[in-house]
Amino acid sequence: MTTNVLTLSAYEFYINGEWKESQSGQTIDIKSPYLYEVIGRVQAITKEEVDEAIYFAREAQKDWAETSLQDRAKYLYKWADELIDMQDELAEIIMKEVGKSYKDAKNEVARTADFIRYTIEEALHMHGESMRGDSFPGGSQSKIAIIQRVPLGVVLAIPPFNYPVNLAAAKVAPALMAGNAVIFKPATQGAISGTKMVEALHRAELPKGLVNLVTGRGSVIGDYLVEHKGIDMISFTGGTNTGLHLAKKATMVPLVLELGGKDPGIVREDADLYEAAKHIISGAFSYSGQRCTAIKRVLVHEKVADELVGILKEEVEKLSVGSPENGNTVVPLIDEQSADFVQILIADAIGKGAAVITGNKREHNLIYPTLLDYVTEEMRVAWEEPFGPVLPIIRVSSDEEAIKIANESEFGLQASIFTKDINKAFVMADKIETGSVQINGRTERGPDHFPFIGVKGSGMGAQGIRKSLESMTREKVTVLNIGE
Ligand code: G3P
């Protein structure tokens, strides 16, 4: 399937309910990671256009904050319906733009509609609280604090390339239900999918100015957006380095950052190895490991390591590899540079004595699924996040050693423990420094109403539907002093 370069679309940005070309006269080419050709262009907007977008967002938010939850819900339900109506078109674009299989891209759109609907329902059922004054020593019954959640203002939403629709909506939907306006800056690779998602909002007749789509070069508008005085909250998902940079630039606004990970799959000697292998393979290799929650290292007890490696080898070799258009699990990485990085990690490990069990083959940016055994703490792949289909096996001699290596990571997103001893699993889970621990399951974000938390280099704050609604509001206290 190819796109004729001569008929390429130049997608417009979206500001105050209108689609526009940038005054810059410049566009950014979006190249498909597997078609190896430009599939569209997005506007490279100017700082002045960012100012305008934020101005309109601030204006629109004032009225939106006054609308009832039921009215907000109507627009968002319509948005979810529009996304489902566009599901095939969106899936095609996601597939071409970020190289995700068509089936996974379709699932991403369905998951997004579900996410939006659940967000609406959660927001409709969130309540404030009240406190009596006399619960504190010397306080009086005549004082009552009424605590409500109010919007923050304008939320800057920056999702990553790997879920260009789902992780965008996971920020936009709670922001809107909470009464905020949004400046949505998609990842450049993912900007066409993001534009289409906004098209669905436009069709849902969301009041103008509430969601503004800004596309452009990070070097021109990235820091400018983050430091802008008109932004009241930033919700970012992406790489740890970018997140760190953003946290240094942002001043006095709440941040929710969901960053990288190095999720370990810990396999105890009592684990059901076939079950563990099934979860590890799907956790490590789906979408070529381009998920922050991918299993990125296995810490296996040495007594069962040979057997596990044997099962993993067999399963890895069954994985389908190739174009996302044929539904393959392992697909070309998002760009050549990403593939280079994975290859550097593999070469470093081999140079230091790791054994290649299978894989270590590359065609352009397609890296074949690679299993590395006898990985040690001296190797970069033991600690660094490849965001690609390479899985290092580290052999350990005890639970304590597994926990120690798990915790020595700079990251702290999730971990999996595979064992038949559920009590032991809980004891270990308590000691692992991550936002979540999965017992006998792969690391993953969903279901999307579960809190999703990264600690250490994996982020700050929490997502998950209720948590996102909370993070995009603040508490406002009104104290009623009842006269005698
Ligand atoms: O990489 C983004 C992260 O949110 C992954 O989500 O659903 O693949 O676990 P999921």
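The bend at a residue is the angle between axes fitted to the seven residues ending there and the seven starting there. By this criterion, helix α10 has a kink of about 25°, centred on L308. The model examined here is predicted.

Helix α10 covers residues 302-318. At 1.5 Å a residue, its 17 residues should span 24 Å. The end C-alpha atoms are 25 Å apart, which agrees with that expectation. Seen from its side chains, α10 has a set of buried residues: V304, A305, L308, V309, I311, L312 and V316. L308, the centre of the kink, is thus listed among the buried residues of the helix. An α-helix has 3.6 residues a turn, so residues three or four places apart point the same way. The buried residues of α10 pack against one helix, α9 (273-285), and against several strands. These strands are β13 (263-267), β14 (295-301), β15 (355-358), β18 (370-373) and β19 (390-396).

The domain assignment divides the protein in two. Domain 1 comprises residues 5-259 together with 460-476. Domain 2 comprises residues 263-448. Between the C-alpha centres of the two domains lie 31 Å. Across the boundary, 25 residues of domain 1 are in contact with 21 residues of domain 2.

An open sheet of three strands was also examined. Its order is β6-β7-β27, and the pairing is antiparallel. The edges are taken by β6 (129-132) and β27 (473-481). Each of these has a single partner strand, so one side of each is left without a neighbour in the sheet. From one strand to the next, the twist averages 25°. Strands of a sheet pair through backbone hydrogen bonds, either parallel or antiparallel. Here, β6 and β7 (residues 143-151) run antiparallel and are joined by four bridges. Within this pair, E129 stands opposite I147 of β7.

A further site of interest is P160. This residue is found in the loop between β8 (154-158) and α5 (166-177). The relative accessible area of P160 is 13%. Buried means under 20%, so P160 counts as buried. Neighbours within four places in sequence aside, P160 is in contact with L167, A187, T237 and G238. K20 offers a point of reference: P160 and K20 are 140 residues apart in sequence. In space, their C-alpha atoms are 23 Å apart.

Notes
Residues are numbered from 1 along each chain as its sequence is written. This is a predicted model: local features need pLDDT of at least 70, side-chain atom pairs count only at pLDDT 80 or more; totals for chains, interfaces and linings use all residues. Side-chain values use heavy atoms; hydrogens and water are left out. Helices (H or I, at least four residues) and strands (E, at least two) are DSSP runs, numbered from the N terminus. The expected span of a helix is 1.5 Å times one less than its number of residues. Buried means under 20% relative accessible area, exposed over 50%, partly exposed in between (1.4 Å probe, protein chains only). Contact means heavy atoms within 4.5 Å. Two strands pair if DSSP finds at least two bridges between them. Axes are lines fitted to C-alpha atoms, for helices over the stretch in contact, and angles run from 0 to 180 degrees between N-to-C directions. Domain bounds come from an automatic or database domain assignment.
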